[in-house]
Amino acid sequence: MAPLRRRAPSSVTRRTLRTGAVVAVFLITLAGCGNDPDTTSGDRGAVVDDPATPSETVTTEAAEEATGAPTEDTSSEPAEAGLEARLLTAAELPGANDETEWTVASTAAEDGPFGTCQRFDMASLGAGDAVVRTFTSNQDTVEGGQVLAEFSDAKSAWRAHQVLKTWHKKCAEQVEAGTVEVGPLDSLAQGTAVADAYVVHYGDKGADEQQWDGVGISRTGPLLSVVQIGLVGQDYNYPAGQEPAAEAARLALAKLG
C-alpha cells in the first residue's frame, strides 16, 4: 500500500515517502523523569509522561540491519483485526471544513514511513503490529490518513512517542521547499492518555498557496496513533487546538481505550 502522499501546491521538490528499507541508524537518548529531552519552550504545554521513567538509550534502526539482511515484506499482508477496529472511520475523521466528505481509500499493514515528518516506520521503533488507513475526500486538495501501532508495553510506546517528538523538531530537514515552517508541538491531553498536535506548512517562497499538513499524535498504554490531515490553500485559519488533526488526535485517543 502506498504511504500517505503529499500534494504539491506548486513546483516544490518534496521528499518522496517510499516503502522499503533504509539502511540507517537513528539514536535518541531518553533522560530521566523531569528532564524530557523533547520538552522545550517551543512545545506548548508539553510534560514528561513516562509511565516507567526509563533512563536508557534507545536505538531505533531502519528495516534492514547494516549487514543488509532482507526483511520480511508485509506490503500485501492484511491489517491486524484488533488494531483496525480502533482506527478512525470516514465518518469520524474531522474534515478541513463543513464540506469535506471522507472515503476510506485503503486499510492495510504498515509498509513504510507515514506522513511528512516520520523518518522510519513504526516497526523500526519497536512496534509489534501497525496498520495504516488512508482517506480521500470530495475536495481534490484535501486528504488524510492514520497509522496505529501496538508495542509490547506502555514503556515501549512512550519511547516511540519521544522519537516522534524529535522528528517533529527536525521535520524542516525532511522537506525541500522555498518555505518550510514547523509549528510548535501543542499538548492536548496529559497523564496516562496523551495527545499532541502540530502543523507543518511548506511551498514555493512567496507562492499564494501552500501545503498545510496537520499532525495529531495519541498514546495510551501500548498503543500509539498518528493522524495526518493535509490540504492546499492560501491560509490555515483554525483556533489553536481546534485544527482538524488536533480534533482527530482527541477522537483517536478516545478509540484507543
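How many residues does helix α3 have, and how far does helix α3 reach from its first C-alpha to its last? Let's start there. Helix α3 covers residues 244–256. That gives 13 residues. From first C-alpha to last, α3 reaches 18 Å. That is close to the 18 Å expected at 1.5 Å a residue.

A word of caution before I go on. This is a predicted model.

Now the overall layout. The protein chain has three helices and 10 strands. Along the sequence, the pattern reads β-β-α-β-β-β-α-β-β-β-β-β-α. There are 257 residues in the protein chain, and 49% of them count as buried. Next, contacts. Take those in the protein chain with a separation of 6 or more. Residues 24 or more positions apart account for 68% of them.

Back to α3. Which residues of α3 are buried? They are Pro244, Ala245, Ala246, Ala248, Ala249, Ala252, Leu253 and Leu256. Several strands help to cover them. Among these are β5 (142–150), β7 (186–189) and β8 (193–203). The cover also includes β9 (210–220) and β10 (223–233). After α3 comes Gly257. The phi of Gly257 is positive, near 90 degrees.

Pick one residue from that helix: Ala252. Ala252 sits in α3. Its relative accessibility is 0%, so Ala252 counts as buried. Set aside the neighbours within four places in sequence. Ala252 is then in contact with Leu88, Gln146, Ser218, Ser225 and Val227. Look at Arg219 as well. Ala252 and Arg219 are 33 residues apart in sequence. In space, their C-alpha atoms are 8.9 Å apart.

On to helix α2, residues 154–169. α2 has 16 residues, which should span 22 Å at 1.5 Å a residue. The end C-alpha atoms are 23 Å apart, and that agrees. Why do we call α2 largely enclosed by the rest of the structure? Because 12 of its 16 residues are buried. Those buried residues include Trp158, His161, Leu164, Lys165 and Trp167.

Lys169 also lies in α2. Is Lys169 buried or partly exposed? Its relative accessibility is 36%, so Lys169 counts as partly exposed. Lys169 and Cys117 are 52 residues apart in sequence. Their C-alpha atoms are 9.1 Å apart in space.

Cys117 brings us to the cavities. The structure holds three cavities of 30 Å³ or more. The largest has a volume of about 100 Å³. What lines the largest cavity? Phe114, Gly115, Thr116, Cys117 and Gln118 are in the lining. So are Leu164, Trp167, Tyr198, Val215, Ile217, Val226 and Gln228. By type, the lining has eight nonpolar residues, four polar and no charged. Three elements, α2, β9 and β10, each supply at least two residues of this lining.

Next, the aromatic rings. The structure holds four aromatic pairs. One of them joins Phe120 and Trp167: the ring centres are 6.0 Å apart and the planes are at 80 degrees, so the pair is edge-to-face. Where do the two partners lie? Phe120 is in the loop between β3 (102–109) and β4 (129–137), and Trp167 is in helix α2. The pair therefore ties together parts that are 47 residues apart in sequence. Both Phe120 and Trp167 are buried.

Here is another pair. Tyr236 and Tyr238 are edge-to-face too: 4.7 Å centre to centre, with 70 degrees between the planes. Tyr236 has 13% relative accessibility, so Tyr236 counts as buried. Tyr238 has 25%, so Tyr238 counts as partly exposed. The cut-off for buried is under 20%. Ring pairs also bring in Trp212, linking Trp212, Tyr236 and Tyr238 into a cluster.

One last stop: Asn138. Asn138 is found in the loop between β4 and β5. With a relative accessible area of 46%, Asn138 is partly exposed. Which residues does Asn138 contact, leaving aside its neighbours within four places in sequence? Glu99, Thr100 and Glu101. Thr100 and Asn138 are 38 residues apart along the chain. Their C-alpha atoms are separated by 6.3 Å.

That's the tour. Thank you.

Note on methods:
Residues numbered from 1 in each chain as written. Predicted model: local features only at pLDDT ≥ 70, side-chain atom pairs only at ≥ 80, totals over all residues. Heavy atoms only, no water. Helix = DSSP H or I, 4+ residues; strand = E, 2+ residues; numbered from the N terminus. Expected span 1.5 Å × (residues − 1). Buried < 20%, exposed > 50% of the residue type's maximum accessible area, 1.4 Å probe, protein only. Contact = heavy atoms within 4.5 Å. 1 Å grid on protein atoms, 1.4 Å probe; cavity = no way out; pocket = protein on both sides within 12 Å on 5 of 7 lines; lining within 4 Å. Points joined across faces, edges and corners; volume = space filled by probe spheres on them. Nonpolar A, V, L, I, M, F, W, Y, C, P; charged D, E, K, R; others polar. Phe/Tyr/Trp six-rings, centres within 6.5 Å; stacked < 30°, edge-to-face > 60°.
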